[in-house]
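I opened the model to look up its nonpolar cores first, then a sheet, then the charged pairs.

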Amino acid sequence: VALLDVAAGEQTAIDVGQVVTTGLWSGPDELTLVAAGGDVLALDVRSGEATRVGRVPEHTTAFEPLGGGRAAIGTRTGRVGLWDVAAGAEERLVSPLPGRGDAIAMRADGERVASGGENGVLRLWRAADGELLGERVTSKLGIEAVAWSPDGRRIAVADALEVGLYDADTLERVATTRRITLGTLAYGGD
C-alpha cells in the first residue's frame, strides 16, 4: 500500500504483506482494506499496523463502510446487501442480482446507497434497513461505477462507453457524456 501526500508530493509505502485488495476506503487516520480472501483490515496510516477487524464474503467486489461496523457490499455472485463486518454475517440481502454487483456508493449523509452491476440496473436503497427505494435499467453494458453528487441530488453511473447523470429522487437521466478510461468515479469539489 502506498500513501501519497499530494501537497508535499511525498509517497510512503506501508507493508501489509501479500494482500490482494478488492476494496479500499479511507478515513482521517485509517484505511480499511478488503482483502481478496474476505478479511477486512484496518490500517493505521501513522504506524503502518494492520489489524483484522472482520470478514466479508471472499467474492466481495464492492465495499462501502456505513459506520458502526457495518458495510454495504456487492459480490461477484450478484448479492448486494448490508453486512456486519465484525460478526462476518449478512444483516440483510438487498437484491440477489443476476451477475456481479461491482459498484456501490453511499450518499454523504449516510442515508442512501446506490448500487449496480453487470446487469445494468441502478438500485437505490436505504442504508439503515436495506429497503429498496427504486431501480432503473441504465445500461445494456453493465454498471462499472457509481458516485453521488456532494449535495445528494444526482448519481453518476459509468459503463464501458459513457457516464450518465441521474436524478436521485426519480432516477431519470439528466445528462450523458462519453466516457474516458477510468478506474474510479467520483465527484470533484466544484
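I began with the largest nonpolar core (buried Ala, Val, Leu, Ile, Met, Phe, Trp, Tyr and Cys residues joined through side-chain atoms within 4.5 Å, buried being under 20% relative accessible area, exposed over 50% and partly exposed in between, with a 1.4 Å probe and protein chains only): of its 13 residues, Ala114, Leu122, Ile143, Val146, Trp148, Ile155 and Val157 touch the most other members. At least two residues of this core come from each of E11, E13 (121-126), E15 (145-148) and E16 (154-158), strands being DSSP runs (E, at least two residues) numbered from the N terminus. I also noted a second, separate core of 10 residues, which includes Ala62, Leu82, Val113 and Trp125.

This is a predicted model, in which local features need pLDDT of at least 70 and side-chain atom pairs pLDDT 80 or more, while totals for chains, interfaces and linings use all residues. Residues are numbered from 1 along each chain as its sequence is written, and side-chain values use heavy atoms, without hydrogens and water.

Next I traced an open antiparallel sheet of four strands, ordered E11-E12-E13-E14, where pairing requires at least two DSSP bridges between strands. E11 (103-106) and E14 (132-137) are the edges, each with a single partner strand, so one side of each has no neighbour in the sheet.

Last, I found nine salt bridges (a side-chain nitrogen of Lys or Arg within 4 Å of a carboxyl oxygen of Asp or Glu). Glutamate 172 meets arginine 136 at 3.4 Å, N to O, and this pair links distant parts of the chain, 36 residues apart. Glutamate 172 is partly exposed at 40% relative accessible area, as is arginine 136 at 30%.
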